[in-house]
Amino acid sequence: MATKASPQAVMGDNDLGPVRLPVDRETHQYDDWTIGYTKSHILKSVCVKGETCVAGDPDCCELCVYNFALALPHLPDMVFHRNVLRISHASGAQLEFNPLDALKLVRNEKLDLKVACSDEWRESRPEAAQTGDKVKPFDWTFTTEYTGTVNDRFRVEPTEQRIDMFKLMRKEEILFYHNLTLFEDELHDHGISLLSVKVRVMPSGFYVLLRFFLRVDNVLLRSNDTRFHYEKGNDYVLKEFTHREAKVEQLKHIPPALFTNPDHIVDKLPVVRKVNEKLTIIKPE
């Protein structure tokens, strides 16, 4: 059974708008699991307290919480800071997916993107070549290998077990479904960087897909997919991380129209790395 609520906004002072925007919430109970999400608007681009926030202050505005927690020169165009998917077991084991933890894994260093793809990007965008921009001081694609936030009530270990994708493709009643965007950036109209998470609950169990997708127009396509599958009656969740990547010049056999749709293009990208893990629930003593 699912429950849903929509609390009211909390307004700020000096006509700076709401300090806390309305948040939609919905939860679904599946056996010993509670699966729920919160969803709201994008993070404001200015401090609602007139740049007076102090790190660690409980009344710090949401933008400054992010800026203090992350040392990035700037954030993605759209950060859905209140969009969180949380999957909790009665034992206390918990999986969570949130944009802050994901952005903490963006490389904040003098990344030599000139080697990675900057040359090709400039050649494909003459107007960019004229700007004379130097190497960016951080990964401006916001690439993250975030695979979710797991608490200490799971024992995580490598496994030879695999998620049965054919079983997941069988027709089955959908008891609960939701798709959340965690952050998105259009790379100054030269592509897209997108992190999203989907959850699906069926009578046989639940399935989660966390996907980071990057497209730098005429240069590069990249995806980091993390899948989780729980089957009813098990005391564990299977997890699979897959990194795929290809330069556009390697994809000449694929219609470019597919490049804009992650669901159509990701499986056509070559696999660079794959990691399989088993998350076993630690029973209370």
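Reader: What does the side chain of Thr-144 reach at 2.8 Å, and what makes this a polar contact?

Author: The side chain of Thr-144 reaches the backbone oxygen of Ala-102. A polar contact is a pair of N or O atoms within 3.5 Å; within protein, one must be able to donate a hydrogen and the other to accept it, and residues adjacent in sequence count only if both atoms are side-chain atoms. At 2.8 Å, the pair lies within 3.5 Å, so the distance fits. Do keep in mind that this is a predicted model, where local features need pLDDT of at least 70, side-chain atom pairs count only at pLDDT 80 or more, and totals for chains, interfaces and linings use all residues. Residues are numbered from 1 along each chain as its sequence is written, and side-chain values use heavy atoms, leaving out hydrogens and water.

Reader: Why is Thr-144 called buried?

Author: Its relative accessible area is 1%. Buried means under 20%, exposed over 50% and partly exposed in between (1.4 Å probe, protein chains only), so Thr-144 is buried.

Reader: And why is Arg-153 called partly exposed?

Author: Arg-153 has a relative accessible area of 25%, which falls in between the two cut-offs, so partly exposed is the right label.

Reader: Which residues does Arg-153 touch?

Author: Contact means heavy atoms within 4.5 Å. Not counting residues up to four places away in sequence, Arg-153 touches several residues, including Gly-92, Thr-280 and Pro-284. Gly-92 is 61 residues away in sequence, yet the C-alpha atoms are 6.2 Å apart.

Reader: What makes Phe-97 and Phe-228 an edge-to-face pair?

Author: Rings of Phe, Tyr and Trp (its six-membered ring) pair if their centres lie within 6.5 Å; planes under 30 degrees apart count as stacked, over 60 as edge-to-face and the rest as tilted. By this rule there are seven aromatic pairs. For Phe-97 and Phe-228, the centres are 5.4 Å apart and the planes make 75 degrees, so the pair is edge-to-face. Phe-97 and Phe-228 are 131 residues apart. Both Phe-97 and Phe-228 have 0% relative accessibility, so each counts as buried.

Reader: How do you know that Lys-278 lies over the face of Tyr-236?

Author: A charge sits over a ring if NZ of Lys or CZ of Arg is within 6 Å of the ring centre and within 35 degrees of the ring normal. Lys-278 is at 4.4 Å from the ring centre of Tyr-236, so the distance fits.

Reader: What is the average pLDDT of the protein chain?

Author: pLDDT is the predictor's confidence in each residue, from 0 to 100. The chain averages 86, but pLDDT stays under 50 over residues 6-20 and over residues 127-132.

Definitions and conventions:
Helix = DSSP H or I, 4+ residues; strand = E, 2+ residues; numbered from the N terminus.
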